[in-house]
Amino acid sequence: MMTALAHAALEQLTDLLGNRCLTDQESAERYGVDWTKVWAPAPCAVALPETTEEVQQIVEIANEHGLHLVPSGGRTGLSAGAVAANNELVVAFDRMNTILDFNEFDRAVTVQPGVITQQLQEFAEQKGLFYPVDFASAGSSQIGGNIGTNAGGIKVIRYGMTRDWITGLKVVTGKGELLDLNKGLIKNATGYDFRHLFIGSEGTLGFVVEATVKLAREPKDLTALVLGAPGFREVMKILHAFQQDIDLTAFEFFSDKAMAHVLEHGVAKPFDTECPFYCLLEFEQLSEQIGDQAMAIFERCVEEGWVLDGVMSQSLQQLDQLWQLRERISESIAPHTPYKNDISVTVSKVPDFVEDIDTVVQDAYPDFEIVWFGHIGDGNMHLNILKPADLPKEDFFAKCNNVSKWVFEIVQKYNGSISAEHGVGMTKKPYLEYSRSPEEIACMKAVKQVFDPNNVMNPGKLFDV
């Protein structure tokens with residue numbers, strides 16, 4: 001039920017935004033959710049600002065009337081960080097989608113938060129440059145959301161996370177103040193770098209209204225290998241062998257079960273040999289010597305018994321075909337109502353970590369199919385458990401709640417992260433203590449108090465205050 005204060009706030013918002021303040025049910029359902037489907041959208045309204053000044057005024061109205069604000073970007077998140085389930089005001093950045101400036105000498109571009117990731121990638125390509133943060137939702141995710149969750153993806157082994165490409169931020173804090181952080185500088189040794197507090201904060205401290213993003217040299221002659229391995233430990237040996245001599249741009253892995261689902265969706269089989277695990281590695285073949293070096297490493301891996309079979313791309317078309325084996329996994333398992341977990345440990349601990357999780361899940365639920373894939377080169381695995389066809393969805397998710405606790409206990413044992421790249425939101429909020437100490441969480445809450453003393457910014461996400 002809407003209070004008198006909320007009514008007054010909506011009147012002010014309508015005066016400010018006109019028809020960009022939406023209260024219809026269709027808008028609530030469109031803007032009030034992300035890719036998680038656990039919570040039903042229930043915002044009081046949706047605001048579509050177009051300027052930084054409007055964002056500041058929205059925050060000031062929220063403080064005056066006790067409104068809670070939820071940021072909405074591309075709504076592709078998997079942790080319910082952008083879900084408005086408790087009468088909050090959604091602040092959607094779809095209209096703040098302009099590329100504001102480009103400097104060829106700095107190799108930097110300044111963008112509003114609603115710019116689509118793929119839009120930035122294509123802009124960089126037009127300038128002969130490269131924005132390397134890339135993932136399956138690049139065609140709909142927004143830069144503001146990427147910053148809010150410190151998004152990673154398939155190129156982290158070479159290029160790092162979103163954090164590594166943001167040289168400046170303008171943010172509106174929970175008090176409505178505008179902060180201009182770092183101003184695009186590469187070197188700046190003047191005390192606390194608040195930019196990094198806002199990156200990964202999931203909109204709980206303030207809203208990004210502008211970002212300066214550095215760009216890289218465009219990679220040349222990308223080449224991919226798909227290799228089949230007899231076991232997970234052999235996959236790790238393959239990674240080590242190639243990393244010793246070649247700068248990889250990606251090293252992905254997936255299980256035979258993942259391969260089977262992708263092949264059912266029409267992707268071409270890379271070779272006939274059946275293998276328990278597969279890895280896809282990519283590098284720049286800048287010279288004939290590098291190609292020969294890759295083949296020599298491949299042959300040594302075969303001799304050692306680490307590789308059972310493999311194939312190397314010979315064209316851009318073949319490169320794309322090989323990447324389909326990895327990129328279409330999520331799409332192919334979606335009909336099976338997968339329980340997903342996005343977890344990470346240091347690379348050296350990955351084999352034991354995966355083995356422990358496999359054992360726990362299979363012992364408890366032997367009928368569950370486990371599909372592993374992920375960015376093995378940076379220690380980030382995606383655990384997917386598929387719902388048996390005859391098990392009701394409610395019973396399946398109830399059992400998966402038990403799985404989460406067991407998995408996160410193993411994460412804690414290995415000093416890993418319960419969320420490698422999708423954030424905490426509401427989905428993983430109950431488990432934050434498995435990756436963060438009580439002292440760290442207390443510091444986080446203290447930081448939030450500084451920037452958002454009235455708790456208007458995305459409350460109920462990450463932690464409760």
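Select Tyr-339 in this predicted model and look across to strand E18, where Ile-385 stands opposite Tyr-339. Extending the selection to residues 339–344 gives strand E16, and extending the other side to residues 380–386 gives E18; the two run antiparallel and are joined by six bridges. Another of the paired positions is Asn-341, whose bridge partner in E18 is Leu-383. If you colour E16 by accessibility, the strand appears mostly covered, with five of its six residues buried.

Now widen the view to the sheet to which these strands belong. Seven strands form an open sheet in the order E15-E12-E14-E13-E17-E18-E16, and the pairing is antiparallel. Its edge strands are E15, at residues 309–312, and E16, each of which pairs on one side only. Neighbouring strands are turned against each other by 15° on average, with direction ignored.

Two helices that lie against this sheet can be selected next. H14 packs on the sheet and touches E16 and E18, its direction making about 10° with that of E16. Helix H8, residues 232–243, lies across E12, strand E13 (248–255) and strand E14 (277–284), and runs at about 170° to E13.

Keep H14 (residues 393–413) on screen and add helix H13 (residues 350–364): their axes come within 10 Å and cross at roughly 155°. Because an angle over 145 degrees counts as roughly antiparallel, H13 is roughly antiparallel to H14. The crossing in which H13 passes H14 is right-handed. To show the contact itself, select Phe-353, Asp-356, Ile-357, Val-360, Val-361 and Ala-364 on the H13 side, which meet Val-403, Trp-406, Val-407, Ile-410, Val-411 and Lys-413 on the H14 side. By class, the residues of this contact comprise ten nonpolar and two charged, with no polar ones.

The last stops are two loop residues chosen for their backbone angles. Most residues other than glycine have a negative phi. Arg-107, which is not a glycine, nevertheless has a positive phi of about 50°; look for Arg-107 in the loop between strand E5 (99–103) and strand E6 (108–111). Because its relative accessibility is 36%, Arg-107 counts as partly exposed.

Then move to Asp-221, in the loop between strand E11 (216–217) and strand E12 (222–229). Here too phi is positive in a residue other than glycine, with a value near 50°. Is Asp-221 buried or exposed? With a relative accessibility of 51%, Asp-221 counts as exposed, the cut-off for that class being over 50%.

Key: Residues numbered from 1 in each chain as written. Predicted model: local features only at pLDDT ≥ 70, side-chain atom pairs only at ≥ 80, totals over all residues. Heavy atoms only, no water. Axes fitted to C-alpha atoms, helices over the stretch in contact; angles between N-to-C directions. Helix = DSSP H or I, 4+ residues; strand = E, 2+ residues; numbered from the N terminus. Parallel < 35°, antiparallel > 145°, perpendicular 65-115°, else oblique. Left-handed = near helix turned anticlockwise from the far one by under 90°. Contact = heavy atoms within 4.5 Å. Nonpolar A, V, L, I, M, F, W, Y, C, P; charged D, E, K, R; others polar. Buried < 20%, exposed > 50% of the residue type's maximum accessible area, 1.4 Å probe, protein only. Pairing = 2+ DSSP bridges.
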